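Visitor: Could you take me in for a close look at one part of this model, the helix packing, and then show me what lies around it? Take your time, I'd like it as one connected story.

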Amino acid sequence: DVDGDVDASAVAIQGSEMGSRRGMLLVEAPRVAGEMDASSRSVREFCETRSIPFERVDTAAAAHAAGGGDKGRKGPGLVALLRAATRFASQMGVIHFNCLADAEGVTLRWAEEMIAVAEPSAAATDFLSRSRAKRETLAELCARYARVEVDGALHTVLGKHVQRDDGVGGGEVGAYLFRRASPGERLGAGEALGLLAVWRDKIVVSHAALPADLIATILDADAKVVLAPLLDDDDDDDEGDGDGRHERRGGMWASDAVDFFNAFYHALYVVGADAVAALGAAALVQPSCHRFRCHMKINGEILSLQAGDDDRLDEEEY
């Protein structure tokens, strides 16, 4: 009945408070050095200045150092995550993913390869048409950006070779060399299913929008709440400024995310608010992050609560 749903919702909301285990595990997997430094540093400094137990794992770097996964089905990035979570289990209350994600899951490791694109050519035209940083020529693109995304893969400009074409028509012919980083290992619903103990009683936070089946798997493992943004139409227009300090990811600028998470964790840790109330406080501080939702499992159903929904639990829909 309605009253029962309200009671269950209230219990779930109250259950998303910090609790006795206050430590935070920060998980990151940058494609290039320094890509996520600003947001990761902000989270780390928040914890350090308040004596909150803190652990950090770079699954991409750990995977590279390990050179391979375990003898089972776990990849090296997943192994690094599991080891960090196990080591920190007695203190861990929040798992914060400062990672990129797509429809298949959170990227834990990147695969790299070198590619060369000649201009003029059909390949160059196709490359430009699929690039998020819209430019007319590769020469213009490479002069403006140190790296660019094409079909979700980051292309870092390594160099170019331009020579005069003495054939019919003249002009210049260029060859542009890129290092392409594409997802090499993901945390999807299937992988999360093998980490049930990691999620139990945790507040799971993600900078990036997560696929619905991954959210469901984490909540089915009795996580308190999953905080993540909804997909934004602006995601297709994400781009960087060439040095990674002012990147737009998940429909928001990195600097906005810093403000948002500082406010969210202040409400959660310092004020003692539940996750939904903390979301409301953070959205007031940084309205550009209005697409974040608290995903919770109530009466067997997954609800996505937006900022302010903690004040609407007496409405019939809840």
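Guide: The crossing of H2 and H10 is right-handed, in what is, keep in mind, a predicted model. H2 covers residues 37-49 and H10 covers residues 254-271, and their axes come within 10 Å and cross at roughly 20°. With angles under 35 degrees counting as roughly parallel, H2 and H10 are therefore roughly parallel to each other. On the H2 side, the residues that make the contact are Ala38, Ser39, Ser42 and Phe46. Facing them from H10 you'll find Val258, Asn262, Tyr265, His266, Tyr269 and Val270. Sort the residues of this contact by class and you get six nonpolar, four polar and no charged.

Now stay on H10 and turn to its other partner here, H11, residues 275-285. Their axes are 8 Å apart, and the packing angle is about 140°. This crossing is right-handed too. H10 puts Asp259, Phe260, Ala263, Phe264, Ala267 and Leu268 into the contact. H11 answers with plenty of alanine: Ala275, Ala278, Ala281, Ala282 and Ala283, along with Leu279 and Val285. The class split for H10 with H11 comes to twelve nonpolar, no polar and one charged.

Back to H2, and follow the chain out of it. The loop between H2 and strand E2 (54-58) holds Ser51. Have a look at its backbone: phi of Ser51 is near 55°, so a positive value in a residue that isn't glycine. Most residues other than glycine have a negative phi.

Further along comes helix H3 (59-66), which brings us to the second largest pocket, since H3 supplies at least two residues of the lining there. In fact H3 gives the largest share of that lining, four residues. Strands E5 (105-119), E7 (153-164) and E8 (172-187) each supply at least two as well. The pocket's volume is about 350 Å³. It is lined by 18 residues, and the closest to its centre are Ala60, Ala61, His64, Trp110 and Glu112. By class, the lining has ten nonpolar, three polar and five charged residues.

One last stop, following E5 onwards. Pro120 sits in the loop between E5 and helix H5 (122-129). The peptide bond joining Glu119 and Pro120 is cis, with omega about 5°. Most peptide bonds are trans, if you want something to set that against.

Key:
Residues numbered from 1 in each chain as written. Predicted model: local features only at pLDDT ≥ 70, side-chain atom pairs only at ≥ 80, totals over all residues. Heavy atoms only, no water. Axes fitted to C-alpha atoms, helices over the stretch in contact; angles between N-to-C directions. Parallel < 35°, antiparallel > 145°, perpendicular 65-115°, else oblique. Left-handed = near helix turned anticlockwise from the far one by under 90°. Contact = heavy atoms within 4.5 Å. Nonpolar A, V, L, I, M, F, W, Y, C, P; charged D, E, K, R; others polar. 1 Å grid on protein atoms, 1.4 Å probe; cavity = no way out; pocket = protein on both sides within 12 Å on 5 of 7 lines; lining within 4 Å. Points joined across faces, edges and corners; volume = space filled by probe spheres on them.
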